[in-house]
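I opened this entry to keep track of what I looked up, beginning with one helix and moving on to the sheet and the pocket.

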Amino acid sequence: MIARTFPMSKVHLTDLPQLQPLLEKNTKHVENATYGVLEWGKPVNETYDVILGADVVAGIYDSQALVKSLFDLAHENTRIYLSARERLSGLLDTFELDLKERFATVERRMADSDNKNPSVFIICISGKRRFQ
């Protein structure tokens, strides 16, 4: 777990309401980890240096709300890494277009891991744009 590997960092895990008991279990003895529900598109109060998302785009029901949340959670130097699978290409294309409106860099990279599923890739996002 990232929180144990980097004990001086602040880690906040999010998932759907029905998975909160699992997050509670996973963070029980980890002092620098917290958890909660992130409602896409709703206001947030914190920004993060790094945002990791595993398969968050699998069931995008509102790509603009997800992009708004990522934008709100990011500051100018934030790096965002989202793992995805090529199974909803039309949805992913729309999502990536929405991201490009708010971030300077949005690119797909092949996953560098022993689990070499050719349909899995990483969307790397950085360069939060300033809006006047």
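How many of the 11 residues of α3 are buried? I am working from a predicted model, and in it I find that eight of them are buried, so the helix is largely enclosed by the rest of the structure. I listed these buried residues as S63, A65, L66, V67, S69, L70, F71 and L73, the cut-off for the label being under 20% relative accessible area.

I next looked up what α3 packs on. The helix, residues 63-73, lies across β3, β4, β5 and β6, and I noted that it runs at about 140° to β4.

I then turned to the sheet itself, which is open and has four strands in the order β3-β4-β6-β5, with mixed pairing. Because β3 (48-54) and β5 (103-110) stand at the edges with a single partner strand each, one side of each is left without a neighbour in the sheet. Neighbouring strands here are turned by 15° against each other on average, direction ignored. For β3 and β4 (residues 74-85) I recorded parallel pairing over six bridges, and I noted L82 in β4 as the bridge partner of G53.

My last search was for the largest pocket, whose volume is about 1,400 Å³. Of the 40 residues that line it, H12, L13, T14, I51 and L52 are the closest to its centre. I found that β1, α2, β3 and α3 each supply at least two lining residues, and that β3 gives the most, with seven. Sorted by class, the lining of this pocket has 26 nonpolar, eight polar and six charged residues.

Conventions. Residues numbered from 1 in each chain as written. Predicted model: local features only at pLDDT ≥ 70, side-chain atom pairs only at ≥ 80, totals over all residues. Heavy atoms only, no water. Pairing = 2+ DSSP bridges. Axes fitted to C-alpha atoms, helices over the stretch in contact; angles between N-to-C directions. Contact = heavy atoms within 4.5 Å. Buried < 20%, exposed > 50% of the residue type's maximum accessible area, 1.4 Å probe, protein only. 1 Å grid on protein atoms, 1.4 Å probe; cavity = no way out; pocket = protein on both sides within 12 Å on 5 of 7 lines; lining within 4 Å. Points joined across faces, edges and corners; volume = space filled by probe spheres on them. Nonpolar A, V, L, I, M, F, W, Y, C, P; charged D, E, K, R; others polar.
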